[in-house]
Structures are given as structure tokens and as C-alpha cells.
Number of protein chains: 2
Amino acid sequence: VQVAFLLYDGFTALDVTGPLDVLGRLAGAEPVFVAERAGAIRNESRTMAIVADRALSEVPAPDVVVVPGGFGTRLLLEHGPLLSWLAAVHETTTWTTAVCTGSLLLAAAGLLEGTPATTHWLAREQLASLGAQVVNERVVRQGRIVTAAGVSAGIDMALRLVQLMQGDEAAQAIQLAIEYDPEPPFDSGAPEKAPRAIVDAVTTAVRAREAELVASGSA
Amino acid sequence: VQVAFLLYDGFTALDVTGPLDVLGRLAGAEPVFVAERAGAIRNESRTMAIVADRALSEVPAPDVVVVPGGFGTRLLLEHGPLLSWLAAVHETTTWTTAVCTGSLLLAAAGLLEGTPATTHWLAREQLASLGAQVVNERVVRQGRIVTAAGVSAGIDMALRLVQLMQGDEAAQAIQLAIEYDPEPPFDSGAPEKAPRAIVDAVTTAVRAREAELVASGSA
């Protein structure tokens, strides 16, 4: 089971490693990190880099694709090589998945037209504008496309995938192995639950960052 | 606020990126990835590599240290350069932290003698044998040392740290930004909750992996 984790300039690290440390524990899993060109790829804050061991052309037929989100997605919505690769590999994947704003790339590749899907809460309108039918749930499955809400939701998505692929016991074992018994310090992990002032502050900060990105043209 | 994330051969990716995507969003945070030598460092399954941008000697006085766990820790309990660095930087850190079996390294460096601390549920006995006072909680703070249970617990630990460093609102904002509103598919994330057969299967698999590591001498 080859699981391709897509990297691009400006990805979010947790979006990709949450699923890695779940799906990588599947019996028979062969994770591979892939980017337009092989090499070290920087995250959205430029503070760390994950190595893409393969170029897109070297991974033509993965069984599972995981597309992480990150501010960098905003600059890739017309990126020919990446979107063409997503559309091409989707023809033969068992599961095509995205975390957070990774769904914007699936949509830009033409894979979510009229399809129920989710994304980071601050990207719901943009995902809808790209043709998806946005559903306000943490993990959304439609056929063999599975999308997750923001960042940390990739862990829940990956456990759901394990359950779909190898059953309840496999998912329970991996959940236990990564000791996923969450104790968030607050009940502020969703915009419907967080205090209004916090929602406004995060919205303002993210919109400012997006504007800056688009203006500078680089993640 | 310089936050040093320690890498070593055989780390667990989620242990380090969970805290990164929380602490990296702190106002004024300057994350830096550090290893004995700079360069690409492979995780415990050899499936991905994160780049250590700096060598230990280049990061002599971080404000915060985050030590991830991973199978590789089992081979580092007498590793001079790494343990000396941990002991040295701890002299001046504001917070010295570990996720999962990262606590074994803090203990091996002499920092947890008689100190309340936690670790991955399968490493509790080993942590106790290294002198710590093992506490069965998800996040344990003792003075300026903070330890977390297995893998995913690093997210909870990092949010707690943000709360300690910059207050409730900063932590709530970051929790919302990473949409941390967990929905695990099962209630099997702790050995006290998972079915007995699942606990036994994970224990057997981990013990086999540990034995293999020690026999081969490399992560």
C-alpha cells in the first residue's frame, strides 16, 4: 500500500505528519514523500523542512494520496504540474485525501465538483467557490475521496481511513499506539465553540497572512 | 523565544510537529530544528526525514527545548554529546519539555531524578528505572520541566505551555487556528480504556520492535 504524502512550499507540518504517524503504522504501508522536485521543502512558517524523497514523476500510481494544507495552497490553485499529477493519480488511487486547505488543491484539480467535502473553517467559502459542496464536519467521506477539517483533523481522518481499510481493531491499535486520548485545555477548537473575540482575532490574523502571501507571491 | 526541537535518528514525526504547529504560532516564537549534526534526520520508520538546520553546538541557549520520542531513544541513553547538550541547555531554559519517550532522554541526562514526569504508556517502567517519579497523566508539569504521554499528547502539552507562557487567550487562539476539536473514532487511546486484546497486541509489537532495535544497534 503506497501512501504518497504531497509536499509543496508552504505546507503545514502537522497536516502531513498526523496522517503519517497513523497510516504509516498500517500493515503493509509504504509511505513516500513527494513534491514537484525531490529535495527539502519548507513549511509555511519557513521554520522547518521535510525532505521529499521523490519527484511527482517518480510516483505515478500511489494507492493513497494525502494532500496537506498550508498557506502555500493559496499560490498553487493554477499550478499545472501539481494539479495535473493529482488528477492523474486520482484515476487509480484507492483513497484520495486532503487535510485542511489541502482540499483547495483537490478542488482546483477538478476532483471535488459538486462533491461533499470539508476544509479549515476559514477556507469554507473558498472551497465552495471552487465547486465543492462544503459540509461542516470534521471528516467527510464521499466515495473514495476523504477530506478533513483544519490541521489536527488529519489525525481523525487517518484513523477513519485505517478503519475503512483494515477494520476497527487495526484503527484501535494505532489509536492506542499513538496514545490518542486527547485532552485539549479548552473547548475552543471550532469556531462554533470558541469565544467570539478569539474567532475574530484568528480570522483577522489569517486574512492578513493570506493577503501578504498573495501580494508577495511566495510562501 | 527560541524553541529548539531536537532531532535524532529514529524520532517520531508527530511528537515533534504537534508541538511545532502549536508553539510555532506563539507571538515571537523562533523554532529551530537541531541535531548532533545538521542535515536530514530520518524518523523511526525511515519513511521520512526532517532537516536539522543547526548542530547542537550552534544552539547553546534555547529558551524552550522540545525532545520528541521515538524508537531511536532506546539507543541514545548513553549518548554523550546529546545528553550533555540537554543537561547544559537545561541550565538556562525557561521550559524543558519532552513528548512520549523523549522523557527517557531527559532522565538519562539526569534531569528527572525524583521528578514527577510522564511518558508513553509502554515506557513507564523504563522511565521509572531511570529515576523519574512516573505519573499517569497526559501532561505533567514540575517546575519548568513539562512532559507528555505518547505521541499525540505533545499537542496537549504544547497548548498547556502556551497557556503558561502567554495566557488563556493565546492558547485558545492557537487551538482554534489548528482546529483542535478532536473526534477520535474510538475510545481506545489509553491502555486503561482500550480492549485488552488490543493492548496486548500493541505491547507485543512494540516489545518486538525494541528487541530488534537493540539487537541491530541502529534505528
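**Exercise 1. Count the salt bridges of the whole structure and place one of them.**

Solution. A search of the whole structure gives 24 salt bridges over all chains. A salt bridge here is a side-chain nitrogen of Lys or Arg within 4 Å of a carboxyl oxygen of Asp or Glu. This is a predicted model, in which local features need pLDDT of at least 70 and side-chain atom pairs count only at pLDDT 80 or more, while totals for chains, interfaces and linings use all residues. Residues are numbered from 1 along each chain as its sequence is written, chains are lettered from A in the order in which they are written, and side-chain values use heavy atoms, with hydrogens and water left out.

Now take one pair. The side chains of D156(A) and R138(A) form a salt bridge at 2.5 Å, N to O. D156(A) sits in helix α5 (residues 153-166) of chain A and R138(A) in the loop between β9 (133-134) and β10 (139-142) of chain A, so the pair ties together parts that are 18 residues apart in sequence. Helices (H or I, at least four residues) and strands (E, at least two) are DSSP runs, numbered from the N terminus.

**Exercise 2. Find the rotation that superposes chain B on chain A.**

Solution. Copies are superposed by least squares on the C-alpha atoms of residues with pLDDT of at least 70 in both. The result is a rotation of 180 degrees with 0.0 Å of shift along its axis, and the RMSD is 0.0 Å. The two copies are thus related as by a two-fold rotation axis. In chain B, the C-alpha nearest the axis belongs to I50(B), 2.2 Å from it.

**Exercise 3. Describe the interface between chain B and chain A.**

Solution. Start with contacts, meaning heavy atoms within 4.5 Å. By this rule, 61 residues of chain B touch 61 residues of chain A. The same surface serves both copies, as 100% of the contact residues of chain B recur in chain A.

Next comes area. Buried area is the accessible area (1.4 Å probe) that two parts lose on being put together, summed over both. Between chain B and chain A it is about 5300 Å², of which carbon and sulfur atoms give 60%. L176(B), E179(B) and F186(B) supply 15% of the area that chain B buries against chain A, more than any other three residues.

Last, count the charged pairs. Six salt bridges join chain B and chain A. In a salt bridge between D53(A) and R42(B), the N to O distance is 2.5 Å.

**Exercise 4. State the volume of the largest pocket and say what lines it.**

Solution. On a 1 Å grid over the protein atoms alone, a cavity is a set of points where a 1.4 Å probe fits but cannot get out, and a pocket is an open set with protein on both sides within 12 Å along at least five of seven lines; lining residues have an atom within 4 Å of a point. Grid points are joined across faces, edges and corners, and a volume is the space filled by probe spheres set on the points.

The largest pocket has a volume of about 660 Å³. Its lining has 28 residues, and R25(A), A177(A), F71(B), V206(B) and R209(B) lie nearest its centre. α7(B) gives the most to this lining of the largest pocket, with five residues.
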